[in-house]
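Colleague: Hi! I've never looked at this one before. Could you walk me through it?

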Amino acid sequence: MLQGWVIVGTSFAYLGLLFAIAYYADRRADAGRSVIASPYIYSLSLGVYATAWTFYGSVGRAAADGVGFLPIYIGPTLMIALWWVVMRKIIRISKRNRITSLADFIASRYGKSALLGGLVTIIAVVGILPYISLQLKAVSNSFSIVLQYPHIIMPAKVGAMPVLQDTALWVALILAAFTIVFGTRHLDAAEHHEGMVAAIAFESLVKLLAFLAVGVFITFGIYNGFGDVFDRAAAVPKLNAMMTPLEGVAGGYASWMWLTILSMLAIMFLPRQFQVAVIENVDEKHLNKAIWLFPLYMIAINIFVLPIAFGGVLHFPAGSVDADTFVLTLPMAEKQELLALLVFIGGLSAATGMVIVETIALSTMVCNDLLMPILLRQPWLKLNQRKDLTGLLLGIRRGAIVLVLLLGYLYFRLAGEAYALVSIGLISFAAVAQFAPAVFGGIFWKGGTRRGALCGLLAGFGVWLYTLLLPALARSGWLPIGLLEHGPFGIELLNPQQLFGLTRLDHITHAMIWSMIANTGAYVIASLWGVQSADEHRQASLFVDVFKQGGERGEARFWRGTASVPDLYRLLARFVGSASAVSTIDDYTQSKGPQYRENPLQADAEFVHHVEMQLAGAIGAASARIMVASVVKEEALTVDEVREILDEASQVVVYSHRLEQKSRELEAATAELRIANERLTELDRLKDDFISTVTHELRTPLTSIRAFSEILLDDPKIELAQRKNFLGIITKETARLSRLINQVLDLSKIESGAAEWQESSVDMKELVADTVAGMSQLFQEKNVRLDADLPERVPAVTADFDRIVQVLLNLLSNAIKFCDRDHGEVRVALTEHDACLQVAVCDNGPGIGAEDHAAIFDKFRQGGDTLTGKPQGTGLGLHISRHIVERFGGKIWAESRPGQGACFYFTLPIAATPAPAQGGNT
Amino acid sequence: MHETANCEFESDPDRYRAARAAQGGGVDNFEIKAQRLVALCMLGVLLFNYPLLALFNVAATVFGIPVLYAYIFTAWSLLIACMAYVVETKA
């Protein structure tokens, strides 16, 4: 039997367990071994999105229209794919500016405007009240139902009950007390609540397991799996309509789409989501895993919604049991005591998770962005002279928690019965969606102004009040219902649910369309036609360009003025306590080095900025600004000056980029120059070598010519035979001299690139045969045998005919010179080798030493011993040949072993596309 | 932030790159993943809206489950799988 004390006892035991987890996590955090520094905990804590609304309400909605609950989870799945870009930016901005809440974020973006922060806080509180009332309704209803076990009796209407006997009130008060103990035990300058995050992650697990347990029980325990449930449902006309619900029971596709958009915005701008996703984020990298883990969580908690909904409708007579309670009443009807208790605890965990995070987020907003900026400006309160304000801050927050929960209860009493759970939640979604233009515009568009954000929020919130809150109150009987039927004062066009005659939409879609038009329109128009103050301009640039800036000093450049360190210390101490203030300032001055020790009383811009950031972490950006301004003599910067500083910074960036590029270019140019210089030096050396060699080579024949000429001149009586001999030598040497000069000229032309090349398609067989025939006379004279080994036909090559003949002649005349004196033999062969034609000229002379194989192709290098042996050529022939062959893409080399003759080879690449006519030319 | 406040990114592009690299293993890696995720979001918008959704709004069942629900949950799971794949693999 589930008796009252069992249920209450289990509930408190569960809350106690939560507290123990939080306490443990806080202790671990203090010890520096955080338990929440994990992407899995981060993803689970995002599961705070699934509240009692998900736990009980999804089934209620599914029983009514089949698919209507799905966009609320598909929307976040789509949005979270964009988190890689959007949420990362928001987290980075928030960390850099020490943002403490959504209101702080918006206020800070638009020039640290206290007015804007206050407005956002009011919208958030008013907008979230229906949502909190939903949690109270769910917990108190489920409590009353489970209390009646084993009978299933729907709870009485709240209005019928005296306030003090209303479970919801007690639930609200207990949750308030629990949240106070949980979230405001001490003041944390960084606004991190590690314990809370750990407890929330645990709650996400509990509600998921409870829901899966009941889902499995109903689908596989009561029925025989998914197919069975859907099968039986199809037999019931009311449920059969839900097999194809779009266009039918669920409204059109417009409804579906707007619900998706609405929940895309909700996952970002619900204060509790902002709290866990941004403020409590300890590492940007946790986003990566959350991007797929969190959608996975949502799909898991939704799998059994439809079977439970259809099962409930099949199980209970129509209208006897509220579909919002099927999750609980089905196990009760099956007499599953423990499962019913587990479901109750699951629902409790869903509701408490939401209430704890939501009220902590809202109380931070109320304290930092609504009350503190007002209180600090009241001279009669003399807050500026109070030594320690930490107590006051905690007091305000605790008060705000109680206030928010009691207001939630009030809404529950006033309007809670008019709608099902899901509709109540959607009203809140529509309220927080109003933050979207100001936040998205704020982080991507520098032009958004404070006035624009104010106008947009006011317009959007106004439309929300008129089209959603007003009808909710009217339906609950607090306003004449005629308002909804005929419009105010009988003006149909102003009907809150059919504004300007826009009909055939459900009330949420209708409200979203009008409020988004009003909000975005006002934001954009007021921004475009307004001017930004210096503060706004600076903040806009800091937010939009957050990835382009450096550390905190980036912001400090905007500050000009004087302040004293003791003043700043006293200021900090009042808000964060003196011990914390001392360590903050000491850490800072120590990290900065000696200049602070030299001048300990004068604070510079960076120091002031640091203190303001620390303060902002405790009391919000707008309040921190007011407080810092009260102790420093600040010179206000004009818009132009801010712009100048920004321009300067961006110019510096551009300039340094340009400088970097220039220096890279310079380096490249220097390297090129160095290479060119080395080449020049080398060429110069070669030229010197060449000239000295050439002059040496010229002198040798000249010397002998001169010597013999002088003999002939001096001695006229020389014998005729002798004279003939001398004249022969002179002629030969002169010929050699002119050959040498021709070759030097030829070489210099080739090397300088001035030589003329006449490329044409050359048939090598013809060329070799002609050359060999032309040389045959000479071979006969020298008594050397010449063998030519030519194939039938070969492909054409592209080359200069005369030049190749020159190469072959050179090789042949070398062969004659070096072949065996008595039994001279020279062999010429033409062969085809991998896309090349190869010509080989082999002799049977003394051969060339291996060390000379490469060197003989150098200038003025000859085979044999040049010192003793008589020079037999100019020493330029092979060098020129190499130039020619390489010019046409070929190679030339020698193969030889001393005593076994030498072979010279050269190759020429076969023309890529030989014309067939040339191939058949022979 | 203290130790990093000494010099700014503007004067030190290497540090800027290093900081960007720390976000997700390289500037290019980070950018390409961002683009892939945006593309997946667009795909999701397409999958879960008119007219694709209307194709499955028919009275038929797959393995005993109405086509619409089977489609929504399958497409949803596949979308999440794709997101996990994009995030968890190197670009």
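Modeller: Happy to; we can go through chain B, some helix contacts, a sheet and a few single residues.

Colleague: Great. Is this from experiment or predicted?

Modeller: This is a predicted model.

Colleague: Good to know. Let's begin with chain B: how many helices and strands are there in it?

Modeller: Chain B has four helices and two strands. Starting at the N terminus, the order of its elements is α-α-α-β-β-α.

Colleague: And how much of chain B is buried?

Modeller: Of the 91 residues in chain B, 24% are buried. As for its contacts with a separation of 6 or more, 50% come from residues 24 or more positions apart.

Colleague: Where does a helix of chain A pack against one of chain B?

Modeller: Look at helix α14 of chain A, residues 286-302, and helix α4 of chain B, residues 67-88. Their axes are 8 Å apart, and the packing angle is about 165°.

Colleague: So how do those two helices run, parallel or antiparallel?

Modeller: With that angle, which is over 145 degrees, α14(A) and α4(B) are roughly antiparallel. Their crossing is left-handed.

Colleague: Which residues meet there?

Modeller: On the α14(A) side you'll find A:Asn288, A:Ile291, A:Trp292, A:Pro295, A:Leu296 and A:Ile299. They meet B:Trp76, B:Ser77, B:Ile80, B:Met83, B:Ala84 and B:Val87 of α4(B). Sorted by class, this contact has ten nonpolar residues, two polar ones and no charged ones.

Colleague: Which helix of chain A also has its axis within 9 Å of α14(A)?

Modeller: That would be helix α4 of chain A, residues 71-82, which crosses α14(A) at roughly 170°. These two are therefore roughly antiparallel as well. In this contact A:Tyr73, A:Pro76, A:Thr77, A:Ile80 and A:Ala81 of α4(A) meet A:Ile291, A:Phe294, A:Pro295, A:Met298 and A:Asn302 of α14(A). By class, that gives eight nonpolar, two polar and no charged residues. Notice that A:Ile291 and A:Pro295 of α14(A) appear here, and they are also part of the contact with α4(B).

Colleague: Nice link. Changing topic: what does the five-stranded sheet look like?

Modeller: It is an open sheet in chain A with the strand order β5-β7-β8-β10-β9 and mixed pairing. The edge strands are β5 (784-789) and β9 (892-896); each has a single partner, so one side of each has no neighbour in the sheet. On average, neighbouring strands are turned by 15° against each other, ignoring direction.

Colleague: How do the strands pair, going along from β5(A)?

Modeller: β5(A) and β7(A) pair in the parallel sense over six bridges, and A:Arg785 has A:Glu825 in β7(A) as its bridge partner. Next, β7(A) and β8(A) are antiparallel, with eight bridges; there A:Val828 is partnered by A:Val841 in β8(A). Then β8(A), residues 836-843, pairs with β10(A), residues 902-909, in the antiparallel sense over seven bridges. In that pair A:Ala840 stands opposite A:Tyr905 of β10(A).

Colleague: And which helices pack on the sheet?

Modeller: One is α33(A), residues 764-782, which touches β5, β7 and β8 of chain A and makes about 170° with the direction of β5(A). Another is α34(A), residues 801-818, which touches β5, β7, β8 and β10 of chain A. The direction of α34(A) makes about 20° with that of β8(A).

Colleague: What about the hairpin of β7(A) and β8(A): which residue takes a positive phi?

Modeller: A:Ala835 does, with a phi near 60°; the hairpin has two residues between its strands.

Colleague: Now for single residues. Is A:Ser94 buried or exposed?

Modeller: A:Ser94, in helix α5 (residues 86-97) of chain A, counts as buried because it has 23 C-beta neighbours inside 10 Å. Setting aside neighbours within four places in sequence, its contacts are A:Ile99, A:Phe105, A:Val278 and A:Ile279. A:Val546 is 452 residues away from A:Ser94 in sequence, yet their C-alpha atoms are 9.9 Å apart.

Colleague: And why is A:Asn725 called partly exposed?

Modeller: A:Asn725 has 13 other C-beta atoms within 10 Å, so it is partly exposed. This residue is in helix α32 (residues 720-752) of chain A.

Colleague: One last stop: how many residues of α24(A) are buried?

Modeller: Eight of the eleven residues in α24(A), residues 534-544, are buried. Among them are A:Glu536, A:His537, A:Arg538 and A:Phe543.

Conventions: Residues are numbered from 1 along each chain as its sequence is written. Chains are lettered from A and ligands numbered from 1 in the order in which they are written. This is a predicted model: local features need pLDDT of at least 70, side-chain atom pairs count only at pLDDT 80 or more; totals for chains, interfaces and linings use all residues. Axes are lines fitted to C-alpha atoms, for helices over the stretch in contact, and angles run from 0 to 180 degrees between N-to-C directions. Angles under 35 degrees count as roughly parallel, over 145 as roughly antiparallel, 65 to 115 as roughly perpendicular and the rest as oblique. A crossing is left-handed if the near helix is turned anticlockwise from the far one by less than a right angle, and right-handed if clockwise. Two residues are in contact if their C-beta atoms, placed from the backbone, lie within 7 Å. Ala, Val, Leu, Ile, Met, Phe, Trp, Tyr, Cys and Pro count as nonpolar, Asp, Glu, Lys and Arg as charged, and the others, Gly among them, as polar. A residue is buried if 20 or more other C-beta atoms lie within 10 Å of its own, exposed if 12 or fewer, and partly exposed in between; C-beta atoms are placed from the backbone. Two strands pair if DSSP finds at least two bridges between them.
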